[in-house]
Amino acid sequence: MEILGLLGNGFLVAFEPLNLGLIIFGVTVGLFIGAMPGLGSVNGVAILLPMTFLVPPASAMIFLAAIYYGAMYGGAISSIMLGIPGASTAVATTFDGRPLALQGKADTALVVAATASFIGGTVSILLFTGFAPALAHIALDFGDPEIFALMLLAFATFVGLSGDDIPKTIFSICIGLVFSAVGLDIMSGEPRLVFMNITGFMHGINFLVLAIGVYGIGEMLWTIEVTRGETQMSKATISLRRIVGHFGEMMRIWKSWTLGSFLGFFVGILPAAGATPGSLMAYGVAKMTAKNPRDFGKGEPAGVAAPEAANNAASTGSMLPMLTLGIPGSPTTAILLGGMVIWGLVPGPRLFIDETVFVWSLIASLYAANLFAFLINVAFVPVFLWMLKMPFTILAPTIFVLSLIGGYAPTQDMHDVWLMLIFGVGAYMLRKLDYPLAPAVLAIVLGPIAEPKMRQSLLISGGDFSVFFTRPIAGPITIIAIILILLPVFQLIRRKIKESRQAG
Amino acid sequence: MNKIRKIGTGVAVAAVAATALTYSSVASFAWEPNKPIEFVIMAGKGGGADKMARLMQSVVEKHKMSAMPLLPVNKPGGSGAEALVHLNGKKGADANHTIMVTLNSFYTTPLRQPALGVDPLSFAPIARMAEDTFLLWVHKDSGIKDVDGFVKAAKAKGNDWIMAGTGKASEDNLLTDFLNSAYGLSMKYVPYKGGGAVAKQLAGQHANSTVNNPSEQEGFYAAGDTVPIAAFTDERMAMFPDAPTFKELGKDFEYYMQRSVVGAPKMSAEALAYYQGLFKNVFDSDEWQAYRKKKSLRGDLISGDAMKVYWQTNNEIHRQMLIKMGAIKG
């Protein structure tokens, strides 16, 4: 009951006219920043941080959190409409969002994404409200072996469920892992796999370069070939009746967004992870647990709902280690943390006790930001659909230019743009050969987390691999991951036995 | 009608005057950034360097000290090697728009990796903003109260005692080596991506001890999770009066971390002068002074040639430390 009282006070602060105005403004700005490829919540929050010195700390934090939220919604828009991930967190949304748009169902994808985001956001704020201090302990209990086990599980969901062609999936993962190892090694400081000593490789391969290359450039080439410039995207229309129909669709795929919300939140609270791995894992698990895994990647609304619920849940989740442990769970929260430092707030276990007004008005504003982000997003759907009505001869160059900007913006290095173009052409060829590319993107996101965690674990255990099996949290996760990886092999053996029996 | 036109003229005149004023105040500097300034942080998120960099950025923004924003970018890879190589490669206008918050890996990383082709002494000396301090930390539940208790516990565990730190041959590694040799210990050093991650390892009891800066452990210390048992300073720190210095304990050893802002080696003299002025303003701001006091930071502002002398001295100290450690050849 004490929590409800505190939250009530928080709402009083959040609904002050200034703060409410900041929430609506922040969400709107965030929505558009998130929708621009290459610009994500990080850029939005970094650029607008100075504006916050005009208002009290609590209002400033509310404003920045609103941008963060808006950008999480916005990221889905360009993933669906253009097939270019608007932000790193929206990569998984392209997997099914893009095919839906190509089938003339962009409105379905957009409404499902917005609704799932809303649900994910709400679930995670509720969890945050009820259990923040307890969850901070869980985040602390996750040591290196636990996080590695979790990453292994993420990989497993992508191998175990692919069903179609396991060798090709593994090949795709390996390519991603090799790319993720390029650059300077964190543990020893030595450069690795720096091709031809080109300095651009020193900072590693930014996964957005691969993701935009694959989904922006590669997909566009593919679409041009398949449709010969005649895309069906413009067929999408929107009416109140269709929106109501989409909510019915949401009920059918309830499992995907429920899963996405909880998984996203949980991965979000772990300081090493964040929203991008969270959304990718949610996609993998949703596909695995669905009755129709084969429809994923071909325009299944559940494939949009799961990652969107997860990335919003994770963005709230990643505020938890920032506030309670002083460790940001994502690049954006790192900037929020910087803001807190100048406002004189010390993040850490004491923050919930010493700064109750600040903490609870922030939490209350998250509820409000989530609601407004949803409403504004749905209100803009017709505008986005109208944009898609442009002829493909205009749309394709636009996508191409936006891809280039998206590749250049994060590092401001032409090296990355060339690399992106090469990846785009490579992805197009692999696509023609029926290689799944999502696993490569997954690997380049999770590789840089998994690898140091494995090496740190082994360093601590003295090279003993049993550390991944004997610990109470890591053990079960590792075993589940291994079973998942081996599942298709068992199925294959069973099928072979059956066939031989029938033959006999 | 006439009146309206008059007002209109008045507004126009005022606007022109205002523009002229802004312009003249801008023009009073010889060089000004004409695009956003890349503010590289040579360490991971949530660590001491990171928090400080973001504070500096906030001060610059708050008082509108710069016409162009500072855009912080973390480049923690390879104990700062990534960041050093990044700045080293900046040419032309980019070199004038790239600055970096640096620490002691500024010396150790190039010393250990001559292949990087980086000479720290060639970087543009903008400002040493402070020197940070180090303490030896343990978890409250370990029951360790002082260095004697620490040595006893670490000896008993031998190679299984985990000391978490921020990268191989980093400051933390040097301090671990000092402790190992001074007290006959064989602690195992495990590197992480930043001071924040290191602090969390101790709070979650995944590590047995750390040598964090005060700002990194502050939150956990306030909550009573972690305890400082000794300081690597010349006298006790106001923030932690109960932690004796290693000097008091009979070991003649002190160690500090530079908190400096440097520019790309190819930065022009005009741009360097601009940034020196900018960070002098940051140093003099109330926010920075308050932060310095609150986080027990030491050291005055130095820049230009004095900073180069300071670098030379410290580069030599680190060379000797690394030779002793066996990380490089003499």
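Of the 330 residues of chain B in this predicted model, 52% count as buried. The C-alpha atoms of chain B occupy a box of roughly 95 × 45 × 30 Å, taken along the principal axes, and the secondary structure of the chain comes to 12 helices and 10 strands. Among contacts in chain B with a separation of 6 or more, 77% are made by residues 24 or more positions apart.

**Domains of chain B**

Chain B is divided into domain 1, which is made of the segments 37-132 and 256-325, and domain 2, which covers 135-231. The C-alpha centres of domain 1 and domain 2 of chain B are 26 Å apart, and the contact between them takes 22 residues from domain 1 of chain B and 17 residues from domain 2 of chain B. On the side of domain 1 of chain B that touches domain 2 of chain B, the elements giving two or more residues are helix H2 (48-62), helix H5 (105-112) and helix H12 (304-325) of chain B. The residues on this side of domain 1 of chain B divide into seven nonpolar, nine polar and six charged.

**The sheet with strand E3 of chain B**

Five strands of chain B form an open sheet with mixed pairing, in the order E2-E1-E3-E10-E4. Its edge strands are E2 (70-74) and E4 (124-132) of chain B, each of which pairs on one side only, and the twist from one strand to the next averages 20 degrees. Within this sheet, strand E3 (residues 98-102) and strand E10 (residues 257-263) of chain B run antiparallel and are joined by four bridges; B:Ile99 stands opposite B:Gly263 in E10(B). Helix H12(B) packs on the sheet, where it touches E4 and E10 of chain B, and its direction makes about 60 degrees with that of E4(B). The same helix, H12 (304-325) of chain B, is also among the elements that give two or more residues to the side of domain 1 of chain B that touches domain 2 of chain B.

**The sheet with strand E6 of chain B**

A further open sheet of five strands in chain B has the order E7-E6-E8-E5-E9, again with mixed pairing. Strands E7 and E9 (226-231) of chain B stand at the edges with a single partner strand each, so one side of each is left without a neighbour in the sheet. Helix H7(B) packs on this sheet, touching E6 and E7 of chain B, and its direction makes about 150 degrees with that of E6(B).

Strand E6 (residues 162-165) of chain B pairs in the parallel sense with strand E7 (residues 188-191) of chain B over four bridges. Between these strands the chain crosses from E6(B) through helix H7 (residues 171-183) of chain B to E7(B), in a β-α-β crossover that is right-handed. E6(B) is also joined to strand E8 (residues 209-210) of chain B by two bridges, and these strands run parallel. The table gives residue partners of E6(B).

| Residue of E6(B) | Partner | Strand of the partner |
|---|---|---|
| B:Ile162 | B:Lys188 | E7(B) |
| B:Met163 | B:Tyr189 | E7(B) |
| B:Ala164 | B:Thr210 | E8(B) |
| B:Gly165 | B:Pro191 | E7(B) |

The side chains can be set beside this pattern: B:Ile162 and B:Ala164 point one way from E6(B), B:Met163 and B:Gly165 point the other way, and all are buried.

**Contact between chain A and chain B**

In the contact between the chains, 39 residues of chain A meet 40 residues of chain B. The elements that give two or more residues to the side of chain A that touches chain B are helix H6 (106-141), strand E1 (183-184), helix H15 (331-342) and helix H20 (438-461) of chain A. Of these, H15(A) gives the most to that side of chain A, with six residues. The residues of the side of chain A that touches chain B divide into 22 nonpolar, 12 polar and five charged.

How values were computed: Residues are numbered from 1 along each chain as its sequence is written. Chains are lettered from A and ligands numbered from 1 in the order in which they are written. This is a predicted model: local features need pLDDT of at least 70, side-chain atom pairs count only at pLDDT 80 or more; totals for chains, interfaces and linings use all residues. Two strands pair if DSSP finds at least two bridges between them. A crossover is right-handed if, with the strands pointing away from the viewer, the path from the first strand over the helix to the second runs clockwise. Domain bounds come from an automatic or database domain assignment. Two residues are in contact if their C-beta atoms, placed from the backbone, lie within 7 Å. Ala, Val, Leu, Ile, Met, Phe, Trp, Tyr, Cys and Pro count as nonpolar, Asp, Glu, Lys and Arg as charged, and the others, Gly among them, as polar. Axes are lines fitted to C-alpha atoms, for helices over the stretch in contact, and angles run from 0 to 180 degrees between N-to-C directions. A residue is buried if 20 or more other C-beta atoms lie within 10 Å of its own, exposed if 12 or fewer, and partly exposed in between; C-beta atoms are placed from the backbone.
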